[in-house]
Amino acid sequence: MLPKSGDHHTVPLSVLLKRESANEKVERPEIVHGQASQSKKGEDFTFVKTECKRVLGDGVTNYSAFALFDGHNGSAAAIYSKENLLTNILTAIPADLNNDEWLSALPRAFVAGFVKTDKDFQEIAQTSGTTATFVIIEGWVLTVASVGDSRCVLESAEGDIYYLSADHRLECSEEERERITSSGGEVGRLNTGGGTEIGPLRCWPGGLCLSRSIGDMDVGEFIVSVPYVKQVKLSSTGGRLIISSDGVWDALPPETAFECCRGMPPDAAASQIVKEAVQVKGLRDDTTCIVVDIQPPEKPEPPKLHPKKQGKRVFKAMFRRKTSESSSHHNKDEYAEPDVVEELFEEGSASLSERLDSKYPVCNMFKLFMCAVCQVEIKPGEGVSIHTGSTNSRKIRSWDGPFLCTMCQEKKEAMEGKRPSGARRYSSSGSE
């Protein structure tokens, strides 16, 4: 299971997959989902695609995708992301990978897909923005990427709760606030005059209370689209996911959300969660919920999760960083069959250079002379290394890959505050 604080390590993905393939009794889970929503502004959108088939280097398999987009300042960014984000993620995964490699490549592909979606949407000159919480389930492995404050929370069959997404509200992270101010933005509360400040921390201009989103060109490109990504593997006992917009989480803590729908099938559970949230605070915002049950195939009925534990329930895996020690140093024999949930990957840095600079062997899965974000081919000598201008002493050579095309390099520089936000669009089109 995910180790307790002070005893944190990451289990190699190859170890888990080989262990699973060696156990003939382990079957793929049954995925059952439901969703519900009450609309105030009409800016929440969901994406559900189950039993997606993909051809691998070692056969054909299925995965399921679930996503929630909570738009603001209009619905354009949410709709665009719903229609394009999965395609951009999958396009960033090299062809002919086996199952092990495909899952290992997925976290980096999420980063590329989110940033490409953001860049392409901003080319349309829309001022709308959206949160994005995207989940891909392949077997017992869950990979979640998120920007904004729509959250994904897991309850295992054993009754433990795990955060699988990050909350990118400015109130939640001093590091994010410092990143924005160092990139040219301003952070503060709404000033009503006379020195009185009210409401949550916001980024100015624009007044957005998030540090990461897709879109929001009018606020500034220091509001980045680089997602927090977490990948975990469930045990064969399964669990329940709740993916909800802030309309739910502003009203209900995760414990209450899971408790209020205990034993219900996913469709009824989603409706109950939305109903409970609206009862607490009223319909002040779009309130949307997706419930996904990941359960053993021999138990199609809703999982009867363990009753609430005595004392305060343990919230696990809240923004803990992996140790720098390579997982290859661990003895594979030390990993027994997991009891609950095991962490495979976690990274939340806003630096595009750090997120695209994958370690071996993942780095070898991606083509060197292909833009790491938009996947266009780059002729040798024309691409710009992601390490150009980096202060990282380990990467001092500008010819070290991965590489970006010129347009994606300009996007990267704008996100880092190294060029005026939207400078390339303005110079090329002359108007917004």
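Strands are DSSP runs of E at least two residues long, numbered from the N terminus, and in this predicted model one such run, strand S2, spans residues 44-56 and holds Glu-51. Glu-51 makes a good starting point, as its backbone has a positive phi of about 50 degrees although the residue is not a glycine. Most residues other than glycine have a negative phi. Glu-51 is also exposed, because its relative accessible area of 52% lies above the 50% cut-off. A second non-glycine residue with a positive phi is Asn-73, at about 55 degrees. Asn-73 sits in a loop, the one that links strand S3 (59-72) to helix H2.

Stepping back to the whole chain, the secondary structure amounts to ten helices and 18 strands. The chain has 432 residues, of which 56% count as buried. Contacts that reach far along the sequence are well represented: when residues at least 6 apart are considered, 74% of the contacts join residues at least 24 apart.

Helix H2, which follows the loop of Asn-73, packs against helix H3. The two helices cover residues 76-91 and 99-122, respectively, and their axes lie 8 Å apart at an angle of about 140 degrees. The crossing of H2 past H3 is right-handed. On the H2 side, the contact includes Ala-76, Tyr-80, Leu-85 and Ile-89, and on the H3 side the residues met include Trp-102, Leu-106, Phe-110, Phe-114 and Phe-121. Twelve of the residues in this contact are nonpolar, five are polar and two are charged. Lys-116 and Asp-120 are among the H3 residues that take part.

Two of the H3 residues in the contact with H2, Phe-110 and Phe-114, also bring the aromatic side chains into view. Six aromatic pairs are found in a search of the whole structure. In the pair of Phe-110 and Phe-114, the ring centres are 6.3 Å apart and the planes meet at 65 degrees, so the arrangement is edge-to-face. Both residues belong to H3, where a spacing of four residues places them about one turn of the helix apart. Phe-110 counts as buried because its relative accessibility is 0%, and Phe-114 counts as buried because its relative accessibility is also 0%. Together with Phe-47 and Phe-134, these two residues form one aromatic cluster.

Aromatic rings also meet charged side chains here. Arg-54 lies over the face of Trp-102, at 3.5 Å from the ring centre, and Trp-102 is itself among the H3 residues that meet H2. Arg-108 lies over the face of Phe-366, in this case at 3.8 Å from the ring centre.

Beyond H3 comes a loop that runs to strand S4 (129-130), and Glu-123 is found in this loop. With a relative accessibility of 36%, Glu-123 counts as partly exposed, because the value falls between the 20% and 50% cut-offs. Glu-123 and Gly-215 are 92 residues apart along the chain, yet their C-alpha atoms are separated by 9.9 Å.

The loop between strand S10 (196-204) and strand S11 (214-215) contains Pro-205. The peptide bond that leads from Trp-204 to Pro-205 is cis, with omega near 5 degrees. Most peptide bonds, by contrast, are trans.

Technical notes
Residues are numbered from 1 along each chain as its sequence is written. This is a predicted model: local features need pLDDT of at least 70, side-chain atom pairs count only at pLDDT 80 or more; totals for chains, interfaces and linings use all residues. Side-chain values use heavy atoms; hydrogens and water are left out. Axes are lines fitted to C-alpha atoms, for helices over the stretch in contact, and angles run from 0 to 180 degrees between N-to-C directions. A crossing is left-handed if the near helix is turned anticlockwise from the far one by less than a right angle, and right-handed if clockwise. Contact means heavy atoms within 4.5 Å. Ala, Val, Leu, Ile, Met, Phe, Trp, Tyr, Cys and Pro count as nonpolar, Asp, Glu, Lys and Arg as charged, and the others, Gly among them, as polar. Rings of Phe, Tyr and Trp (its six-membered ring) pair if their centres lie within 6.5 Å; planes under 30 degrees apart count as stacked, over 60 as edge-to-face and the rest as tilted. Buried means under 20% relative accessible area, exposed over 50%, partly exposed in between (1.4 Å probe, protein chains only). A charge sits over a ring if NZ of Lys or CZ of Arg is within 6 Å of the ring centre and within 35 degrees of the ring normal.
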